[in-house]
Amino acid sequence: MTAKIEFDGKQYELPVTVGTENEHGIDISTLRSASGGLITLDRGYKNTGSCESAITFLDGEQGILRYRGYSIEELAENASFLEVAYLLIFGELPSQEKLDKFHQDIKDESNVDEEMKKILDGFPRSAHPMGVVSSLTSALVAFNPSSVDVSSEEDMYKSIVKLLAKFPVLCAWALRKRTGQPLDYGDSSLGYVENILKMMFKKANEDYKINPVVASALNKLLILHADHEQNCSASTVRIVGSSHAGLFVSISAGINALWGPLHGGANQAVIEMLEGIKADGGDTKKYMGKAKDKEDPFRLMGFGHRVYKNFDPRAKIIKKSADDVLGDLGIEDPVLDIAKGLEKEALEDDYFVKRKLYPNVDFYSGIIYRALGIPTEMFTVMFALGRLPGWIAQWREMRLKKEPIGRPRQIYVGENHRPYAEISNR
Ligand code: ACO
């Protein structure tokens, strides 16, 4: 199968790549050389496939999301986060034996060098945890220099296990610093998710009892966030990794990409928006009006998605989970009512219907995080904890396929050549 591009009286025949779900992509890799300079222009890469990937399939029109062929609904209902991490990274669900070894390897690497605490100390307590976590993730390189040059699968495995082990410790440290708690290294007798909770919330003078409702809700949230194919942060991880910069700094770059309010930072922005609406008397109509007003920069945070133009399947699961978790924990949160009110109005509103704007994964996740006792500034860090295996899987796939360095082109629209002017003549 081929596609033809006609330009300036000449025709270029280009191969078409067909995916296993029958998606078609015109392969333009030879276009520039064959045509003597013609490129395609696609702002925000809305129509550009950057790679062939076997990790995650999503169909934005039908609201389908699958990791390695398994539906997100089934995984969220049945799997553990660590199983899903293994699945994403290595391609298959692990046997019990493989999962136990993977978990043991992670536990064996969970120590973070004591010197790292000095770096943490350098941050003011008010520092946003995303900045702290991304800096500490980069700093890991200095303490694990062998993790940079990974040419074999065995080297990669070692780096991956180190990161899965140490990253939750760094996230917990960022929280504990903010809340003035002594730093903690967790408990190797616990499951991966339970250990995250204990590392974050154990008080110095008390035992920490795992609440199964909280652990199960967090397990589900982490699974729902674990990968989402070539989004802004995953593409960042791939492009940084494509220069062979190493896993830890590639992930650190992904964390920074995730931080923005148009991406993972939306979960914090949603709660702040809902709180703001509540403080302003709960008038959802006023805020609907602001969101539709093109003169007003306000957007309904947690609404809309680059790919989902029907519904975000993760949002469906999370909405139900928010109801369950708040019910099980006996929490009444007026912000949940405001969220439901806004959703109902938006789903019936022409502006949102026409533009196919539906609640995304972030619309309800913050409400659960709050119910679990996680402070608002940590919401995006929780997203990063969930997304870590996805980023790792994307990076590993890119390296194993020996993808070339990422380097887009541009169409230059600046000044043509002009002579340098002496400063006195400007
Ligand atoms: N509120 C109001 N209007 C919106 C919203 C919103 N949340 N989202 C999109 N629109 C409007 C735009 O103004 C635009 O209108 P126009 O056609 O009249 O100009 C139209 O819908 C299309 O929007 P784009 O920004 O072009 O869509 P894009 O695919 O580039 O952006 C994005 C997607 C960034 C998610 C956007 O919907 C948004 O800003 N949402 C709010 C932030 C958010 O929730 N981000 C989390 C995304 S999920 C994730 O990263 C995990």
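**Cavities**

I began with the enclosed spaces and counted two cavities of 30 Å³ or more. I note here that I am working from a predicted model.

I looked up the largest cavity and found a volume of about 50 Å³. I then listed its lining: Leu120, Pro124, Arg125, Ala127, Pro129, Val132, Ala174, Lys177 and Arg178. I sorted these lining residues by type and got six nonpolar, three charged and no polar.

I asked which helices each supply at least two residues of this lining. I found α6 (129–143) and α7 (153–179). I also checked which element gives the most to the lining, and noted α7, with three residues.

I turned to the second largest cavity, with a volume of about 30 Å³. I found Gly304, His305, Tyr308, Asp312, Lys356, Tyr358, Pro359 and Asn360 along its walls. I sorted this lining too and wrote down three nonpolar, three polar and two charged residues. I set that beside the lining of the largest cavity, where I had found no polar residues.

**The ligand**

I moved on to the ligand and found 23 residues around it. I asked which of them come nearest. I wrote down Lys294, Arg299, Leu300, Gly302 and Arg306. I divided the shell around the ligand by type and got eleven nonpolar, seven charged and five polar residues.

I looked next at polar contacts with the protein. I found a polar side-chain atom of arginine 306 at 2.9 Å from an oxygen atom of the ligand. Arginine 306 is also one of the residues I had listed as nearest. I found two entries that involve the backbone. For phenylalanine 303, I read 2.9 Å between a polar backbone atom and a nitrogen atom of the ligand. For leucine 262, I read 3.1 Å between a polar backbone atom and a nitrogen atom of the ligand.

I then checked the cover on the ligand. On its own the ligand has 920 Å² of accessible area, and I found that the protein covers 78% of this.

**Aspartate 349**

I last looked up aspartate 349, and placed it in the loop between α15 (334–347) and α16 (350–354). I asked whether aspartate 349 counts as buried or exposed. I entered it as buried, because its relative accessibility is 14% and the cut-off for buried is under 20%. I also followed its side chain, and found that it reaches the backbone nitrogen of tyrosine 351 at 2.9 Å.

Methods
Residues are numbered from 1 along each chain as its sequence is written. This is a predicted model: local features need pLDDT of at least 70, side-chain atom pairs count only at pLDDT 80 or more; totals for chains, interfaces and linings use all residues. Side-chain values use heavy atoms; hydrogens and water are left out. A residue is near a molecule or strand if one of its heavy atoms lies within 4 Å of it. A polar contact is a pair of N or O atoms within 3.5 Å; within protein, one must be able to donate a hydrogen and the other to accept it, and residues adjacent in sequence count only if both atoms are side-chain atoms. Accessible areas come from the Shrake-Rupley method with a 1.4 Å probe; for residues, only the protein chains shown count as cover. Ala, Val, Leu, Ile, Met, Phe, Trp, Tyr, Cys and Pro count as nonpolar, Asp, Glu, Lys and Arg as charged, and the others, Gly among them, as polar. On a 1 Å grid over the protein atoms alone, a cavity is a set of points where a 1.4 Å probe fits but cannot get out, and a pocket is an open set with protein on both sides within 12 Å along at least five of seven lines; lining residues have an atom within 4 Å of a point. Grid points are joined across faces, edges and corners, and a volume is the space filled by probe spheres set on the points. Helices (H or I, at least four residues) and strands (E, at least two) are DSSP runs, numbered from the N terminus. Buried means under 20% relative accessible area, exposed over 50%, partly exposed in between (1.4 Å probe, protein chains only).
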